[in-house]
Amino acid sequence: MKTAIYPGSFDPITKGHTDILDRALRLFDSIVVAVIHNPMKHPIFTQEERMKHIGYLYQDEPRVKVEGFEGLLVDFAKEKNISTIIRGIRALSDFDYELQMSLTNRKLAEHFETVFLMTDEKYSFLSSSVVRQVSMYKGDVSAFVSPYIEEALRKKFQYE
Ligand code: ADP
């Protein structure tokens with residue numbers, strides 16, 4: 001069975017993330033969505049909340065498993081016995097960083113491969129940080145996230 005890890009902050013999970021995850025499900029038997037706890041970042045949603053959101057959206061898809069991790073991705077992957085990583089590419093601007101990460105991971109763990117999937121063009125401008133900023137000022141984020149995440153954002157920023 002071929003399994004890959006899709007790592008990220010998912011703060012919150014957007015339609016761009018689910019677009020990549022849905023594409024990955026067509027290529028792999030199962031996907032472990034690995035939600036990062038990064039003490040250097042200050043997410044608006046806790047790691048538990050971010051995991052709960054993804055679990056809710058994929059509750060009917062048993063091929064998606066949601067897990068939290070901290071530390072090096074290669075260590076987490078080794079622990080799970082998985083050697084393939086999925087990353088999404090939006091635009092050329094993502095490429096430098098992703099290439100650097102991918103080559104670093106391969107230096108750390110020899111048989112590690114990163115599979116890059118191109119997003120649907122309608123999500124190429126979309127990021128979690130855009131969603132956070134728009135919703136902080138009570139803007140409409142319905143084109144960017146699912147209704148469940150919209151509701152979670154509304155609760156987080158406490159408006160109706
Ligand atoms: P990280 O902090 O690891 O970049 P993110 O949650 O921002 O975590 O992103 C996780 C992955 O999803 C990355 O590979 C990122 O490029 C990808 N991604 C984020 N937004 C989109 C989008 N709109 N379309 C495609 N891929 C995306």
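In the predicted model, a nitrogen atom of the ligand lies 2.8 Å from a backbone N or O atom of Leu 126. The protein covers 90% of the 540 Å² of accessible area that the ligand has on its own. The space that the ligand takes is the largest pocket. Strand S1 (3-8), helix H1 (15-27) and strand S4 (84-89) are the elements that give two or more residues to the shell around the ligand.

This shell comprises 17 residues, of which Tyr 6, Ser 9, Phe 10, Gly 88 and Leu 126 are the closest. Sorted by class, the surrounding residues are 7 nonpolar, 6 polar and 4 charged. Leu 126 is thus named among the closest residues and also offers a backbone atom at 2.8 Å from a ligand nitrogen.

Two further contacts involve polar atoms of the ligand. An oxygen atom of the ligand is found 2.9 Å from a backbone N or O atom of Phe 10. The side chain of Arg 90, in turn, places an N or O atom 3.3 Å from a nitrogen atom of the ligand.

Phe 10 belongs to the loop between S1 and H1. Although Phe 10 is not a glycine, its phi is positive, at about 50°. The loop between S1 and H1 also contains Pro 12. The peptide bond that joins Asp 11 and Pro 12 is cis, with omega at about 0°. The backbone of this loop therefore deserves description alongside the ligand site, given that Phe 10 is one of the closest residues to the ligand.Aromatic pairs were also examined. The structure holds 4 of them. In one, Tyr 56 and Tyr 148 are stacked, with a distance of 3.7 Å centre to centre and an angle of 15° between the planes. Tyr 56 lies in helix H2 (residues 47-57) and Tyr 148 in helix H6 (residues 147-157), so this pair ties together parts that are 92 residues apart in sequence.

Note on methods
Residues are numbered from 1 along each chain as its sequence is written. This is a predicted model: local features need pLDDT of at least 70, side-chain atom pairs count only at pLDDT 80 or more; totals for chains, interfaces and linings use all residues. Side-chain values use heavy atoms; hydrogens and water are left out. A residue is near a molecule or strand if one of its heavy atoms lies within 4 Å of it. A polar contact is a pair of N or O atoms within 3.5 Å; within protein, one must be able to donate a hydrogen and the other to accept it, and residues adjacent in sequence count only if both atoms are side-chain atoms. Accessible areas come from the Shrake-Rupley method with a 1.4 Å probe; for residues, only the protein chains shown count as cover. On a 1 Å grid over the protein atoms alone, a cavity is a set of points where a 1.4 Å probe fits but cannot get out, and a pocket is an open set with protein on both sides within 12 Å along at least five of seven lines; lining residues have an atom within 4 Å of a point. A molecule sits in a cavity or pocket if more than half of its atoms lie within 2 Å of its grid points. Helices (H or I, at least four residues) and strands (E, at least two) are DSSP runs, numbered from the N terminus. Ala, Val, Leu, Ile, Met, Phe, Trp, Tyr, Cys and Pro count as nonpolar, Asp, Glu, Lys and Arg as charged, and the others, Gly among them, as polar. Rings of Phe, Tyr and Trp (its six-membered ring) pair if their centres lie within 6.5 Å; planes under 30 degrees apart count as stacked, over 60 as edge-to-face and the rest as tilted.
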